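This report describes the salt bridges, strand pairing, helix packing and nonpolar cores of one protein chain. The sequence and the model are shown first.

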Amino acid sequence: FRILDHTVDIYADRSRGLAVVDSEDRYLTISCAAAIQLFETALKAFGIDFESSLYPDLNDPDLLGRITVRSNKPDHVPDEDMLRAIVNRSTIRRGFRSQSLPSAFRDGFVTRGHPFGVHLQVIESEDAQQLLLDHLLELERIQWEDAHFRREVESWMHPMRARTRDGVPVHRGEPLGPYLWGKYSEAPADATMLVAMMLEADTPRAWVEAGRTLMQKLVEASI
């Protein structure tokens, strides 16, 4: 983030990329775009007017977004539910709680016809879920057998500590190996939901829209 007066520029820091896990910086771009969306969502919740643009400088591909704050909306009441959702939303890599998901929660995740070709689809069929999970588990196994992949992942995951905010925090007792999809497959069927994100293009602009769409849905789901 680079702040100048009332403008915030969001850059993709290529020095923090992962050459093996994310050789094209796809996930790095998606993550930065999610941060842009979260910033915009917070400004809206506080009632702050702003202008936002993606790739504002075509000569600088690392500059993914620019947000310029204008002014507060008079008499705006902060959206406390949205602000609470922003703070509470987090990624959980442990087991799932046995609690049925409301139908409205599931319906809220479906996105079709996004102007930049992002589609979210809930996988309802148990057979389709199992087929997809089987493939994901096999892909995870193949990746983890790659020594270069394994070494890079292990260097980026660390126990919870306050000294640095780099990498992916891991709670004590959580394994570092391939286990995420296994956790999903062991969870009660009505307590989990498998959602597929599909892009009509595999380009940096599509990755940005993917990150924005994903963060928007995750925050909305946390309300």
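The structure holds 13 salt bridges. The model in which they occur is predicted. Three of these pairs are listed below with their computed separations.

| Acidic residue | Basic residue | Closest N and O atoms |
|---|---|---|
| Asp-62 | Arg-14 | 2.7 Å |
| Asp-202 | Arg-26 | 2.9 Å |
| Glu-209 | Arg-212 | 4.0 Å |

**Salt bridges between distant parts of the sequence**

In the salt bridge of Asp-62 with Arg-14, the closest N and O atoms are 2.7 Å apart. Asp-62 belongs to the loop between β3 and β4, and Arg-14 to the loop between β2 and α1, so this pair ties together parts that are 48 residues apart in sequence. Asp-62 counts as partly exposed because its relative accessibility is 26%. Arg-14 is likewise partly exposed, at a relative accessible area of 33%.

A salt bridge also links Asp-202 to Arg-26, with 2.9 Å between the closest N and O atoms. Here the loop between β8 and α7 contributes Asp-202 and helix α1 contributes Arg-26, so parts that are 176 residues apart in sequence are tied together. Arg-26 counts as partly exposed, given its relative accessibility of 23%.

**A salt bridge within helix α7**

The pair of Glu-209 and Arg-212 has its closest N and O atoms 4.0 Å apart. Both residues lie in helix α7, separated by 3 residues, or about one turn of the helix. In an α-helix there are 3.6 residues a turn, so residues three or four places apart point the same way. Are Glu-209 and Arg-212 buried or exposed? Glu-209 and Arg-212 are both buried. Through salt bridges that share partners, Glu-40, Arg-205, Glu-209 and Arg-212 are joined into one network.

**Helix α7 and its surroundings**

Does the length of helix α7 agree or disagree with its number of residues? Helix α7 covers residues 204-221, and its 18 residues should span 26 Å at 1.5 Å a residue. The C-alpha atoms at its ends are 26 Å apart, which agrees with that expectation.

The buried residues of α7 include Ala-206, Trp-207, Val-208, Ala-210, Gly-211, Thr-213, Met-215, Lys-217 and Val-219, in addition to Glu-209 and Arg-212. Among the elements that cover the buried residues of α7 are the helices α1 (26-46) and α2 (80-88). The strands β3 (48-54), β5 (118-122) and β8 (195-199) also take part in this cover.

**Strand β2 and its partners**

Strand β2, formed by residues 7-11, is mostly covered, with 4 of its 5 residues buried. It pairs with strand β1 (residues 2-4) in the antiparallel sense over 3 bridges. Within this pairing, Val-8 in β2 stands opposite Ile-3. The hairpin of β1 and β2 has 2 residues between the strands, and Asp-5 takes a positive phi near 55° there.

Strand β2 is also joined to strand β4 (residues 63-72) by 5 bridges, and these two strands run antiparallel. Leu-63 in β4 is the bridge partner of Tyr-11.

**Nonpolar cores and an aromatic pair**

Which residues touch the most other members of the largest nonpolar core? In this core of 14 residues, they are Ile-36 and Leu-64. At least two residues of the core come from each of β2, α1, β3 and β4. The most are given by α1, which supplies 5 residues. Beyond its neighbours within four places in sequence, Ile-36 is in contact with Ile-10, Leu-54, Leu-64, Gly-65, Ile-67 and Arg-212. Another core, of 9 residues, lies apart from the largest one, and Ala-42, Met-82, Leu-83 and Ile-86 are among its members.

A search of the whole structure finds 1 aromatic pair. It is formed by Trp-144 and Phe-149 in an edge-to-face arrangement, at 6.1 Å centre to centre and with 80° between the planes. Trp-144 and Phe-149 are both buried.

**The chain as a whole**

The protein chain contains 7 helices and 8 strands. Of its 223 residues, 34% are buried. Among contacts between residues at least 6 apart in sequence, 66% join residues at least 24 apart.

Note on methods: Residues are numbered from 1 along each chain as its sequence is written. This is a predicted model: local features need pLDDT of at least 70, side-chain atom pairs count only at pLDDT 80 or more; totals for chains, interfaces and linings use all residues. Side-chain values use heavy atoms; hydrogens and water are left out. The expected span of a helix is 1.5 Å times one less than its number of residues. Buried means under 20% relative accessible area, exposed over 50%, partly exposed in between (1.4 Å probe, protein chains only). Contact means heavy atoms within 4.5 Å. Two strands pair if DSSP finds at least two bridges between them. A salt bridge is a side-chain nitrogen of Lys or Arg within 4 Å of a carboxyl oxygen of Asp or Glu. A nonpolar core is a set of buried Ala, Val, Leu, Ile, Met, Phe, Trp, Tyr and Cys residues joined through side-chain atoms within 4.5 Å. Rings of Phe, Tyr and Trp (its six-membered ring) pair if their centres lie within 6.5 Å; planes under 30 degrees apart count as stacked, over 60 as edge-to-face and the rest as tilted.
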